[in-house]
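Please look over the model below before reading on. My notes on its sheet and its helix packing come after it.

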Amino acid sequence: MLYIDNHNILDATLNLALEEYALTHLDIDQTYLIFYSMTPTVIVGRNQNTFEEINEDFIRQHGVVVTRRLSGGGAVYNDEGDLSFSFITKHDANSFRNYARFTEPVIRALRDLGVPAELSGRNDILVDGKKVSGNAQFATRGRMFSHGTLMFDVNLDNVERALKPRREKLESKGVKSVRSRVTNIRPYLRRDMDIHEFRQVLLERIFDGLPEIPQYHLTDKDWRNIERLAKDRYRNWEWVYGQSPPFNLQRTRYIEGVGLIDVRLYVEHGRIEQCRIYGDFFGERDVREVEQRLTGLRYDRDDLARALSDLDLRAYFGPLTGDVMLDLLVP
């Protein structure tokens, strides 16, 4: 097994691209290990509806990155207090869905540090009955990775706020996250340390105390390809949002001076395919003009804001502001 040093990069999109690049471009007969942390980021599972999983207000106000990973499972919030790990190896009958194989060295290292960790259920590592690690896998062309989070010192308030279930009626076929009770690893350590030391200690224990940890050193060409992959996939709106399963959204709100507005959207591939607006409001112009303006657009607050910016909404609804309309469309 070779260790790949990501040079403490905190860009989640770049780290996920590094993981995919190692999976698909490096020596197929070799096993690799990657550790990475990140700035505040929500990573949704491959089969999830991004719109359904994130608290859009919190994400926007706090500059949280949103991206999608290749593996399945639920959405997770990570920040600089999380240490994620990824084992990249051959795909065989003894590896895929065998989470014990890949979590065992991590659990052993945690126990050496005084943390009473254990694998629970299908793919979680628990401490005192609380989740400190969720794990997922992905396989392609005879290769696979098994990766997981290690909540070392994550902002637990933000875990709930970034993934807060949304109140509006939103029905989709996407996999929904299980809101688990979570905790951090740091309070359980026999000796306190920061995340950098924690990473080094884990690394040494996973490699069984070898005097020198064997590494694969990424070349400049590797990094150029990784950067391109991050841009083309993990920062790409079509991948992050457009891959979401179809969903229906209905929002009804009474607005003083306007009346009741009932917005109903059907969104597919991240775009509004159908839009209907009902209510008891009074308008001079036909509301179907607004519906037509929105149909075909990406279900993205900025895109919708641009589309509505030159419309006089008062002509359709009475004294309705653009911000209130946007809150109805993208809460």
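The points below take the sheet, then the two helices on it, then their crossing.

1. This is a predicted model. Its open sheet has 7 strands with mixed pairing. The order is E1-E2-E6-E10-E9-E8-E7.

2. The edges are E1 (2-4) and E7 (117-120), each paired on one side only. Neighbouring strands of the sheet are turned by 20° against each other on average, direction ignored.

3. Look at E8 (residues 124-127) and E9 (residues 130-140). They run antiparallel, joined by 4 bridges. Valine 127 stands opposite lysine 130 of E9.

4. Which strands does H4 lie across? They are E6 (84-90), E7, E8, E9 and E10 (143-148). H4 runs at about 160° to E7.

5. H6 also packs on the sheet. It touches E1, E2 (32-36) and E6. The direction of H6 makes about 165° with that of E2.

6. Now the helix pair. Two packed helices are described by the angle and the distance between their axes. For H4 (residues 99-112) and H6 (residues 195-206), the axes come within 9 Å and cross at roughly 120°. The two helices are therefore oblique to each other. H4 passes H6 in a right-handed crossing.

7. Which residues make the contact of H4 with H6? From H4 come Pro105, Val106, Arg108, Ala109, Leu110 and Asp112. They meet Phe198, Leu202, Arg205 and Ile206 in H6. The contact residues divide into 7 nonpolar and 3 charged, with no polar ones.

Note on methods:
Residues are numbered from 1 along each chain as its sequence is written. This is a predicted model: local features need pLDDT of at least 70, side-chain atom pairs count only at pLDDT 80 or more; totals for chains, interfaces and linings use all residues. Side-chain values use heavy atoms; hydrogens and water are left out. Axes are lines fitted to C-alpha atoms, for helices over the stretch in contact, and angles run from 0 to 180 degrees between N-to-C directions. Angles under 35 degrees count as roughly parallel, over 145 as roughly antiparallel, 65 to 115 as roughly perpendicular and the rest as oblique. A crossing is left-handed if the near helix is turned anticlockwise from the far one by less than a right angle, and right-handed if clockwise. Contact means heavy atoms within 4.5 Å. Ala, Val, Leu, Ile, Met, Phe, Trp, Tyr, Cys and Pro count as nonpolar, Asp, Glu, Lys and Arg as charged, and the others, Gly among them, as polar. Two strands pair if DSSP finds at least two bridges between them.
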